[in-house]
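Visitor: I'm new to this one, so could you show it to me and then take my questions?

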Amino acid sequence: MMKVLAVLPFVAFSTSVSAQDVDAVLKRDFHARGQATMDRVVQDRLQKLCTETHDNPPADAAKSIEAEQMKTIALPSGSLMGDWKRGERIAQGGRGLTWNDKPGAPADGSCYNCHRLSPSELSYGTIGPSLTGFGRQRGAGEDAQRYVYGKIYNAKAYHACSQMPRLGLSGTLTEEQIKDLVALLLDPASPVNK
Amino acid sequence: MAGPMKMRATWANGFTDVRVLMTHPMETGQRKDPDGNLVPMHFIQTITVQLNGKTVVDCEVSQGVSRNPVFSFRIKGGARGDKITVAWQDNKGESNSIDSAVA
Amino acid sequence: MDRIRRALIGISAAAFLKPWEALAAWNKEAFGAKTAQDALRSIGVSGAAPTKEVLIEAPEIAENGAVVPIEITSNIPGTTSIAVIADKNPFPLVAQFRFHEGAVPFVKLNIKMGETSEVRAIAQAGGKSYVATKEIKVTIGGCGG
Amino acid sequence: MIRFSKTVLILSGLALTAPASAQDAKKEIQRYRDMVAEGSPAELFEIEGEALWKKPQGPRSASFEKCDLGMGPGVVKGAYAHLPRYFADADRVMDLEARLMHCMMTLQGRTAKEATARVFGSADRPSEMESLSAYVASASRGLPMEPGMSHPKEQQAYELGRALYVHRAGPWDFACTSCHGEEGKRIRLQELPVLAKPEAARAVAASWPAYRVSTSQFITLQWRMNDCYRQMRMPEPGFASEATVALIHFITVNGRGVPYRGPGNKR
């Protein structure tokens, strides 16, 4: 058995590591630093499900999680359109919540890390879909505003194992900042829609 | 004491190619340290390249050269075993030099 | 101080110089210039003629402005110097190289660029100046590695 | 040794217009990386590291010259190519930095606290660990990467690394796979290797540790793990801990067989 293992490292081992093992390792090997406290290593129900299923949860489990996450989204009353210029700055920046960020200081959205937005920005990521022209295609109506606000606040309400952070629920972005990002995506004057 | 330098001089097809690495912060005087204090200007200003003791290239450079500078020069002629010397001096008067034989 | 040093070097016997004592003086005025024009004036260049005989080999997009590799070759016979200027840098003149007998007018170096800018290479030969220009875009990178 | 490449002069007169497409942009960025890699200051760190290797340090005033990196006391050549591996004297799997730390404690008589007080340096002051890593890694250039995979603890470390790689946690719900899970993706302009796959892992195994041009620092895989977890908004992993060594082992085993050509160059 040992010999087989040695020459075939890419097959599954009998020495498999359980979720409990990983939890114990994280609790032992990681330590709190700055605002990154140890409660962050504890998985919630969603994180457990996505880890166990390699981000492919069974449909019913996904539905139940998505419904649960949808309940966390509290839409502010009135217009959800903020200022796209401030939104562009929030989309460009990548600060917030790390152990060397100042606790309480405003965070950014890290949007360009994963998405293409304003076409003039050449340095954009591709983990998420391109959002260039998003408002041109979707319009800037109330439904579009609600969808974008909700998606930024808690992307998991739409796809249980989305790789996009729950930027509102996690306390990363404020209501005002999310509105500014809604404007960046939907405002006809935003460079995203030019 | 200045950090290390490294040089390689190679002869091929009638030319000697010289590549030299220098350890130097090349501070612009505009960068702040983690405590928010400006880091004073500190950068190499002059460099000479000599072949067997005779200057073939001399350079004046600014803080606009990247940290840990790397330069390549080319000399017509030269021969294996010739001595190449590269020396620098910075705005604080610190200096360093290295020599090696053409390979 | 520089002038005193230069004077001292002038009177000392060349045979006893340590390598760095043969170093040239530093053109404070040119390197302190805040515009490309002022820098050029300070190194004695006016009305440089655009040319294809000075080649700038550099990427059109630099992933990081802290290190922008640039390689310059002058094919103009009798080239005695090459200056490198990044127009939008706070101090545009980055370097000036003087080539003596035996040197090929060629240099490769890494420069800093604060933002997207034209980079110029100015070659001097036979009392005339020639310029090549290339725009280099500076971008924001990922998380490094 | 300086990797010297002949410069190409013919190209420079061409292509003076701005890149028109994403394809051109990609090509230009590759050209940028190639040109930067031609003159890597990584070699300056190798020189520093060699001096540190030979310098007596700690309460016992000992150098690293009797440090056993797995090939016998003092053998540097080829040692990096066989790491991480199981060490019986410590009864655990160690990567290069874990082993250097072990030598600091057992040979030089330094405490764990002192040995890890400053493991990640700055541009102004590289850490001892970084310079030593540059030196030791450079002595494996050209040799195939063959991390240990025969001891049960080596297999356990690999499995722990695999499990950590997909483990989602923290306020942003990230796992390694959030960025390094799908091929062809990038953050900003940085391509993201899928480290569970041999093709991508080989490039990593062959080139780390490396000089990072954006910060003028020499960076190691321990630094990479640390900074990834920072950006995942997680608490800090212990330096050379079982968790970080397991991840490094997972990546290196996935990329094994490739000749080492580092220390490399990173953006």
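Guide: Happy to, and keep in mind that this is a predicted model. Let's start with helix 5 of chain D, residues 128-138.

Visitor: Is helix 5 of chain D largely enclosed or open, and how many of its residues are buried?

Guide: A residue counts as buried if 20 or more other C-beta atoms lie within 10 Å of its own. Among the residues of helix 5 that pass are Glu128(D), Leu132(D), Tyr135(D) and Ser138(D). The helix is largely enclosed by the rest of the structure, because the buried residues number 11 of the 11.

Visitor: Which elements are included in what covers the buried residues of helix 5 of chain D?

Guide: The buried residues to be covered include Met129(D), Ala134(D) and Val136(D). Their cover includes parts of chain D itself: helix 2 (42-54), helix 3 (96-106) and strand 6 (217-219).

Visitor: Over to chain C. What is the order of its elements from the N terminus on?

Guide: Chain C has three helices and nine strands. Read from the N terminus on, they go α-α-α-β-β-β-β-β-β-β-β-β.

Visitor: Where in chain C does pLDDT stay under 50?

Guide: Chain C has a mean pLDDT of 84, with 79% of its residues at 70 or more. There is a stretch where pLDDT stays under 50, and there the model has six contacts beyond four places in sequence. That stretch is residues 1-17 of chain C.

Visitor: Chain C touches chain B, so which element gives the largest share of chain C's side?

Guide: The contact takes 31 residues from chain C and 33 residues from chain B. On the chain C side, the elements giving two or more residues are strand 6 (93-99) and strand 7 (103-111). The largest share is eight residues, and it comes from strand 7 of chain C.

Visitor: How many residues on that side of chain C are nonpolar, polar and charged?

Guide: The side in question is the one chain C turns to chain B, with 31 residues from chain C. They split into 22 nonpolar, six polar and three charged.

Visitor: And what is the bridge partner of Phe73(B) in strand 7 of chain C?

Guide: Strand 5 of chain B, residues 70-76, runs antiparallel to strand 7 of chain C, and four bridges join them. In strand 7, Phe73(B) has as its bridge partner Val107(C).

Visitor: Last one: which chains share the most contacts?

Guide: Chain A and chain B don't touch, with their nearest C-alpha atoms 12 Å apart. There are five pairs of chains in contact, and the most contacts are shared by chains A and D.

Conventions. Residues are numbered from 1 along each chain as its sequence is written. Chains are lettered from A and ligands numbered from 1 in the order in which they are written. This is a predicted model: local features need pLDDT of at least 70, side-chain atom pairs count only at pLDDT 80 or more; totals for chains, interfaces and linings use all residues. A residue is buried if 20 or more other C-beta atoms lie within 10 Å of its own, exposed if 12 or fewer, and partly exposed in between; C-beta atoms are placed from the backbone. Two residues are in contact if their C-beta atoms, placed from the backbone, lie within 7 Å. Ala, Val, Leu, Ile, Met, Phe, Trp, Tyr, Cys and Pro count as nonpolar, Asp, Glu, Lys and Arg as charged, and the others, Gly among them, as polar. Two strands pair if DSSP finds at least two bridges between them. pLDDT is the predictor's confidence in each residue, from 0 to 100.
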